[in-house]
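Me: Please give me a close look at a single part of this protein, and set that part in its surroundings. I would like one connected account.

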Amino acid sequence: MGSSITIAGFGGAEMMGTGEFDDRMPGPGEVRIAVRAAGVNPIDFKIRNGWLRDVFPSTFPYVPGSEVAGVVDSVGSDVDGIAVGDGVVAIVREGYATSTVADAKTVFSKPDGLSFVEAAAFPVAAEVGYRTMLQLAVSAGDVVVINGAGGPAGSAAAQFALAWGAQVIGIVGRSSFEWMQSIGAIPVEYGDGV
């Protein structure tokens with residue numbers, strides 16, 4: 001048996017409670033993760049409030065949570081490169097639980113230098129930054145201007161673009177200048193005159 005946070009129906013935080021569930025074994029192409037930390041993301045409260053019910057239909061009660069960090073404790077068939085005992089981060093559908101099952105395509109190695117708590121904060125932002133730069137087909141020699149480059153998704157996008165050889169101009173607040181410079185981006189302060 002595992003435990004989780006549950007959502008009883010659409011609404012505010014008053015709809016949140018706790019519950020128990022039978023641990024599910026992973027199917028083909030899936031892994032089960034013993035959750036050590038779960039990220040708290042804006043999409044979680046948007047789903048809970050019912051604002052995204054057409055995109056993410058919900059059957060109540062449900063377990064929220066879209067990103068986790070933990071340790072793989074079971075691997076389904078047809079999964080390569082992920083083993084029991086691996087520290088991982090993942091994008092999931094039921095992350096606010098003691099364990100969750102994830103599509104192996106959304107599971108990545110946890111960076112060694114990050115704690116589980118720190119690692120749980122980046123899967124969704126990293127995926128958004130990666131997907132955006134991929135859709136733009138960013139490559140060496142490109143110049144990319146990223147508005148909000150100091151935020152989670154913008155910062156991830158900047159790092160992917162830099163890794164792929166692009167020059168990055170990050171539109172940020174003054175407090176993010178040092179961070180932008182440390183990763184190799186050119187900071188430009190947002191506001192009048194940008």
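Reply: Two residues are in contact here when they have heavy atoms within 4.5 Å of each other. The model is predicted, and the part chosen for this account is Val168 with the sheet and core around it.

By that criterion, and leaving aside residues up to four places away in sequence, Val168 touches Val144, Ile146, Ala158, Ala161, Leu162, Ala185 and Ile186. One of these contacts, Val144, is also a bridge partner: Val144 pairs with Val168 in E9. The two strands concerned, E8 and E9, run parallel and are joined by 5 bridges.

These strands belong to an open sheet of 3 strands, in the order E8-E9-E10, with parallel pairing. E8 and strand E10 (186-189) are the edge strands; each has a single partner strand, so one side of each is left without a neighbour in the sheet. With direction ignored, neighbouring strands of this sheet are turned by 25 degrees against each other on average. Helix H4 lies across E8 and E9, and its direction makes an angle of about 170 degrees with E8.

Val168 is also part of the largest nonpolar core, which has 15 residues; the residues with the most contacts inside that core are Met133, Val138, Val144, Ile146, Ala161, Val168 and Met180. Two or more residues of this core come from each of E8, H4, strand E9 (167-172) and helix H5 (177-183). Apart from it lies another core, of 13 residues, including Val31, Val35, Val79 and Ala102.

Met133 leads from this core to helix H3, since it is listed among the buried residues of H3, together with Pro123, Val124, Ala125, Ala126 and Gly129. The buried residues of H3 pack against strand E4 (67-75), strand E5 (87-91), helix H2 (116-119), strand E8 (143-147) and helix H4 (152-163). The length of H3 can be checked: with 13 residues (123-135) at 1.5 Å a residue, the helix should span 18 Å, and its end C-alpha atoms are 18 Å apart, which agrees. H3 is followed by Ala137, which has a positive phi, near 55 degrees.

H3 also lies across E4 and E5, running at about 65 degrees to E5. E4 and E5 are members of another open sheet, in which 5 strands follow the order E6-E3-E4-E5-E7 with antiparallel pairing. Its edges are strand E6 (99-103) and strand E7 (107-109); each has a single partner strand, so one side of each is left without a neighbour in the sheet. From one strand to the next, the twist averages 45 degrees. Within this sheet, E5 and E7 pair in the antiparallel sense over 3 bridges, and the bridge partner of Val89 in E7 is Phe108.

For the wider setting, the protein has 5 helices and 10 strands. Of its 194 residues, 42% count as buried. Among contacts with a separation of 6 or more, 61% are between residues 24 or more positions apart. The C-alpha trace spans about 55 × 40 × 30 Å along its principal axes. The accessible surface comes to about 10500 Å², of which carbon and sulfur atoms hold 56%.

Key
Residues numbered from 1 in each chain as written. Predicted model: local features only at pLDDT ≥ 70, side-chain atom pairs only at ≥ 80, totals over all residues. Heavy atoms only, no water. Helix = DSSP H or I, 4+ residues; strand = E, 2+ residues; numbered from the N terminus. Expected span 1.5 Å × (residues − 1). Buried < 20%, exposed > 50% of the residue type's maximum accessible area, 1.4 Å probe, protein only. Core = buried A, V, L, I, M, F, W, Y, C linked by side-chain atoms within 4.5 Å. Pairing = 2+ DSSP bridges. Axes fitted to C-alpha atoms, helices over the stretch in contact; angles between N-to-C directions. Areas by Shrake-Rupley, 256 points an atom, 1.4 Å probe, with all protein chains shown as cover.
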